[in-house]
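Q: I am new to this structure and would like a close look at a single part of it, with its surroundings described step by step. Please take the stretch you choose slowly, and give the reasons where there are reasons to give.

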Amino acid sequence: MTTRLYENAVFLEHETPAGHPERADRLRSLNIALEHPNFSPLERVEAKIANEDAVLLAHPEEHLFAVMRQIPEEEGEINQIEADTYASPKSLQAALTAIGGAMAAVDAVMAGEISNAFVAGRPPGHHAEKSKAMGFCLFNTVAIAARHAQRKYGAERVAIVDWDVHHGNGTQDIFWDDPSVLFCSTHQMPLYPGTGARDETGTKNNVVNAPLSPNVGSDHFREAFKSRVLPALNDFSPDIILISAGFDAHHRDPLAQINLVGEDFDWATGRLMEVADRFAHNRVVSILEGGYDLEGLAESAGLHILRLMKG
């Protein structure tokens, strides 16, 4: 079985203002890393754009229309949707293509074509709540992928593991009262967006938050994984594992103060693959979220993908 990477040049055309941390150079740095011979077995395919209706798997129609109204028509124009969230002429196409890549990845792992996949798309998605774009995110890609696995394949138990350094408030919001989806998150707290306390457990105890204090490192992260995330996953026995793969807990990242190294993401990936092997026929779909230091992102995402390729 192979690992498949979903990519598309349109992801480079989602423009943000000069100096914004969520920028196209993030993917360019990852692509340079993927030129290493270690990645030659990686199957790389072009992500296809999803239909706008796919957004409705996780968001109301009003949210879709609200984002569409914010998409500028003139080249070079950038609209501010929310405090730190922007849209340019190609942003809707990029967001829908990220969704299309995530849905195609779910299709491929559910059909047994591949063991796992990584979706190298942008903008990210995990901060997008049911009815609100925020935190660089327009639509919640991982939530849409989870619903796709349920609606098309009848997946009864979908697990989402979010190790982005910022709490996935949007994913938590969407699945707060849904016991068919387990949401587990490690993240720095206090930090944007201010959610993710341990006592936020969802109405069905399907939310597991493992907040980390600023300036901790590998030991605290791995302990949170071993004591909070992995037991919840084993109890849940998922049919598929989706990863909100942010790499901004890396020690080089400018937006947070967690001191992980690339090997920590390799380790966490391996632990999730072990759970997927036990319960989910190895089905893992990883979706890029944050990671704003170019070197830290390239190192961490590269090691994450290499670990997937060993699966």
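A: Helices and strands are taken here as DSSP runs, at least four residues long for a helix and at least two for a strand, and they are numbered from the N terminus. The model is a predicted one, and the part chosen for the close look is strand β10, residues 284-288, together with helix α8, residues 294-309. Before turning there, it helps to see how a place outside these runs is described: N215 is found in the loop between β8 and α6, the latter covering residues 218-236. N215 has a phi near 75°, a positive value in a residue other than glycine, and at 57% relative accessibility N215 counts as exposed.

Now to the strand itself. Five of the five residues of β10 are buried, so this strand is largely enclosed by the rest of the structure. In a regular strand the side chains alternate between the two faces of the sheet. In β10, V284, S286 and L288 point one way, while V285 and I287 point the other way, and the residues of both groups are buried.

The partners of β10 come next. Strand β5, residues 116-119, runs parallel to β10 and is joined to it by four bridges, and within this pairing A117 has V285 as its bridge partner in β10. Strand β9, residues 240-245, is also parallel to β10, with five bridges joining the two, and here S244 stands opposite I287 of β10. Between β9 and β10 the chain crosses through helix α7, residues 262-279, and this β-α-β crossover is right-handed. In the loop that leads from α7 to β10 lies H281, and in contrast to the buried residues of β10, H281 counts as exposed, because its relative accessibility is 63%. The C-alpha atoms of H281 and F11 are 30 Å apart in space, and the two residues are 270 residues apart in sequence.

The other element of this part is helix α8. At its N-terminal end the helix is capped by D293, one of whose side-chain oxygens lies 3.2 Å from the backbone nitrogen of E295. The length of α8 can be checked by a simple step: at 1.5 Å a residue its 16 residues should span 22 Å, and its end C-alpha atoms are 22 Å apart, which agrees. Among the buried residues of α8 are G296, L297, A298, S300 and A301, and the list continues with G302, H304, I305 and L308. An α-helix has 3.6 residues a turn, so residues three or four places apart point the same way. The buried residues of α8 pack against β1 (3-7), α1 (25-33), β5, β9, α7 and β10, and this list includes the strand described above as well as its two partners and the helix of the crossover.

One residue of α8 shows this packing in detail. I305 lies in this helix and counts as buried because its relative accessibility is 0%. Leaving aside residues up to four places away in sequence, I305 touches L5, L30, L34, F39, L42 and F118. A separation in space can also be given for I305 and D164, which are 141 residues apart along the chain and have C-alpha atoms separated by 16 Å.

For comparison, a few features elsewhere in the model can be set beside this part. In the loop between β7 (181-188) and β8 (207-212) sits P190, and the peptide bond from M189 to P190 is cis, with omega near 5°. P193 has its place in the loop between β7 and β8 too, and the peptide bond from Y192 to P193 is likewise cis, with omega near 5°. N205 is found in that loop between β7 and β8 as well; N205 has a positive phi of about 55° although it is not a glycine, and it counts as exposed because its relative accessible area is 61%.

A last point concerns the cysteines, since a search of the whole structure finds zero disulfides. The sulfur of C137 is 19 Å from the closest cysteine sulfur, which belongs to C184, and this is too far for a bond. C137 is buried, with a relative accessible area of 0%, and C184 counts as buried at 0% relative accessibility.

Definitions and conventions. Residues numbered from 1 in each chain as written. Predicted model: local features only at pLDDT ≥ 70, side-chain atom pairs only at ≥ 80, totals over all residues. Heavy atoms only, no water. Disulfide = S-S within 2.5 Å. Buried < 20%, exposed > 50% of the residue type's maximum accessible area, 1.4 Å probe, protein only. Contact = heavy atoms within 4.5 Å. Pairing = 2+ DSSP bridges. Right-handed = clockwise from strand over helix to strand, strands pointing away. Expected span 1.5 Å × (residues − 1). Polar contact = N/O pair within 3.5 Å; in protein donor to acceptor, adjacent residues only side chain to side chain.
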